[in-house]
Amino acid sequence: MTALERWLDYIDGCAQAAEVARPWVPQGRLTRVAGLVLEAVGLKLPVGASCQVVLPAGHRVEAEVVGFNGDRLFLMPVSEVYGLEPGAWVVPYEESDPDTPRFATERSPRRRATDHGRQVAVGPKLLGRVLDGLGRPLDSQGPVLFDTHVPLFSRPFNPLNRVPVHDVLDVGVRAINALLTVGRGQRLGLFAGSGVGKSVLLGMMARYTTAEVVVVGLIGERGREVKDFIENILGEAGRRRSVVIAAPADTPPLLRLHGAAYATAVAEYFRDQGADVLLIMDSLTRYAMAQREIALAVGEPPATKGYPPSVFAKLPQLVERAGNGREGSGSITAFYTVLSEGDDQQDPIADNARAILDGHIVLSRALADSGHYPAIDIEQSISRVMTDIVTPKEYESVRRFKQLYSRYQRSRDLINVGAYVRGSDPMLDEAIQRMPAFEGFLQQGIQERESYQGARMKLAALFGG
């Protein structure tokens with residue numbers, strides 16, 4: 001055999017070995033598990049990168065890098081952590097192999113896919129599906145079909161490129177359509193305590209809105225409430241044009257954060273396709289609590305009533321992703337529920353939400369206890385874009401309605417005990433006369449839909465218009 005033939009055989013052998021060789025995979029070791037936080041050494045990954053903790057039995061725990069200190073990485077799991085052992089292998093998620101990976105040098109020229117952040121599946125085939133915070137199906141309808149992947153956390157939107165809010169969005173609820181008119185691309189908060197009809201009101205808007213697509217994010221809710229909302233409140237008709245992202249209370253806090261971000265990413269996809277989207281997030285408070293759990297676990301100091309500063313930085317980052325898109329694209333009209341502890345409207349999350357949203361709707365426990373549904377407190381609620389999307393004549397009717405309603409509420413106790421003498425206050429006399437019609441106007445059955453035009457006509461009819 002000549003030297004050339006030996007050289008060709010050697011090259012052929014190298015090529016065959018390269019075909020069956022496994023790529024080098026960076027690998028670290030698990031050194032500490034303390035509460036919600038895992039610590040690993042031996043890896044250099046950016047914040048937000050996905051990785052897996054590999055156990056001897058083949059079980060894997062998915063985690064995400066949430067911080068670092070020197071050569072130590074702080075990981076937060078997105079699945080259960082049972083069975084973790086000291087010294088377990090930690091590998092990047094997107095380069096992991098079904099078998100135990102081999103060591104790799106830090107000089108590997110390959111660029112890790114995890115450097116680009118988590119990607120999530122989107123597409124029109126998501127309509128009618130119920131998914132978890134990672135895009136995995138929860139509805140037993142087979143694998144999820146998607147068109148493309150988009151980043152879970154999109155880049156900030158240039159506010160000067162947004163189309164202003166100038167069109168009305170019909171949500172099918174009379175009190176909101178007429179007195180708290182919602183604009184396409186507006187972001188509102190739904191402030192409520194527990195048990196005052198918050199979920200029912202959201203379900204009515206999801207079923208009756210004229211938006212083409214509805215995206216529902218159920219974040220931190222009880223598992224029973226998730227199924228009840230989908231089957232009984234949203235209904236079959238509402239579900240056909242909806243995408244539901246559910247991250248119940250028993251899921252890890254990181255998965256709850258991902259659930260809210262994934263719901264927003266799906267809404268952004270449909271908006272960029274030109275659709276008008278109604279995004280319902282229930283709830284913004286649970287999202288803030290999940291971020292608080294993570295921040296406190298990695299050592300961030302609490303600031304306002306136990307909430308670390310990162311919580312108040314995360315809220316606007318999530319909310320600002322909603323709204324109108326560029327010229328020619330669609331819109332995201334968003335409702336974020338805010339749980340008021342003990343019906344306290346000065347709760348730090350509620351106070352911060354009011355500052356970053358374009359309006360708020362307050363549900364009153366007193367109205368709910370009296371059988372008044374939906375229990376919207378018109379006096380405390382406001383739509384900040386209403387003056388830009390209704391005519392001056394229509395706004396004058398709203399202003400007069402609120403004036404008379406508020407005057408009656410302030411004097412209710414005097415009226416009930418018979419201390420008020422008719423004729424003492426002409427405006428109050430008019431309010432007393434019109435109050436039965438006002439209360440009938442504000443109440444609406446669960447199965448009743450009221451269009452925007454119908455609500456305007458009925459409001460005008462209250463004053464003889």
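Visitor: Which helix gives the most to the lining of the largest cavity?

Guide: In this predicted model, helix H4 (residues 223-240) makes the greatest contribution to that lining, with 3 residues. The full set of lining residues is Ser199, Leu218, Glu221, Glu225, Val226, Phe229 and Asp282, and sorted by class they come to 3 nonpolar, 1 polar and 3 charged residues.

Visitor: What makes this space a cavity, and what is its volume?

Guide: A cavity is a space where a 1.4 Å probe fits but cannot get out, whereas a pocket is open. The largest cavity has a volume of about 40 Å³, and with a threshold of 30 Å³ or more the count comes to 1 cavity. Rolling a probe the size of a water molecule over the atoms is what shows where empty space is left.

Visitor: How much space lies in the largest pocket, and which residues are closest to its centre?

Guide: The largest pocket holds about 760 Å³ of space. It is lined by 25 residues, of which Ser154, Arg155, Pro156, Glu268 and Arg321 are the closest to the centre. Strand S9 (148-151), helix H5 (253-272) and helix H7 (309-319) are the elements that each give two or more residues to this lining, and H5 has the largest share, with 6 residues. By class, the pocket lining has 12 nonpolar, 4 polar and 9 charged residues.

Visitor: Why is the contact between glutamate 320 and arginine 187 called a salt bridge?

Guide: The term requires a side-chain nitrogen of Lys or Arg within 4 Å of a carboxyl oxygen of Asp or Glu; the N to O distance for glutamate 320 and arginine 187 is 3.3 Å, so the pair qualifies. The two partners come from distant parts of the chain, 133 residues apart, with glutamate 320 in the loop between H7 and strand S14 (323-324) and arginine 187 in strand S10 (residues 187-192).

Visitor: Why is glutamate 320 called partly exposed, and why is arginine 187 called buried?

Guide: Buried means under 20% relative accessible area and exposed means over 50%, with partly exposed in between. Glutamate 320, at 38%, therefore falls in the middle class, while arginine 187, at 10%, is below the lower cut-off and therefore counts as buried.

Visitor: Which other salt bridge does arginine 187 form with a residue that is buried?

Guide: The side chain of arginine 187 also meets that of aspartate 358, at 3.4 Å from N to O. Arginine 187 lies in strand S10 and aspartate 358 in the loop between helix H8 (348-356) and strand S16 (359-362), so this salt bridge ties together parts of the chain that are 171 residues apart in sequence. Both arginine 187 and aspartate 358 are buried.

Visitor: What makes the pair of glutamate 293 and arginine 256 a salt bridge, and where do the two residues lie?

Guide: Their side chains meet at 3.1 Å, N to O, which is within the 4 Å limit, so the name applies. The pair links glutamate 293 in helix H6 (residues 284-297) with arginine 256 in helix H5, 37 residues apart. Glutamate 293, at a relative accessible area of 30%, is partly exposed, whereas arginine 256, at 9%, counts as buried. Elsewhere, salt bridges that share partners join Arg174, Glu448, Glu450 and Lys458 into one network, and the structure as a whole holds 22 salt bridges.

Visitor: How do you know that the reach of H6 is close to the expected one?

Guide: The expected span is 1.5 Å times one less than the number of residues; for H6, with 14 residues, the expected value is given as 20 Å, and the helix reaches 20 Å from its first C-alpha to its last. Among the buried residues of H6 are Leu284, Tyr287, Met289 and Ile294, and just after this helix glycine 299 takes a positive phi of about 100°.

Visitor: What do the buried residues of helix H11 pack against?

Guide: Helix H11 (residues 392-410) has buried residues including Val398, Phe401, Leu404 and Tyr408, and the buried residues of H11 pack against several helices, among them H2 (174-179), H13 (426-442) and H14 (452-462). H11 itself has 19 residues and reaches 27 Å, close to the 27 Å expected.

Conventions
Residues numbered from 1 in each chain as written. Predicted model: local features only at pLDDT ≥ 70, side-chain atom pairs only at ≥ 80, totals over all residues. Heavy atoms only, no water. 1 Å grid on protein atoms, 1.4 Å probe; cavity = no way out; pocket = protein on both sides within 12 Å on 5 of 7 lines; lining within 4 Å. Points joined across faces, edges and corners; volume = space filled by probe spheres on them. Helix = DSSP H or I, 4+ residues; strand = E, 2+ residues; numbered from the N terminus. Nonpolar A, V, L, I, M, F, W, Y, C, P; charged D, E, K, R; others polar. Buried < 20%, exposed > 50% of the residue type's maximum accessible area, 1.4 Å probe, protein only. Contact = heavy atoms within 4.5 Å.
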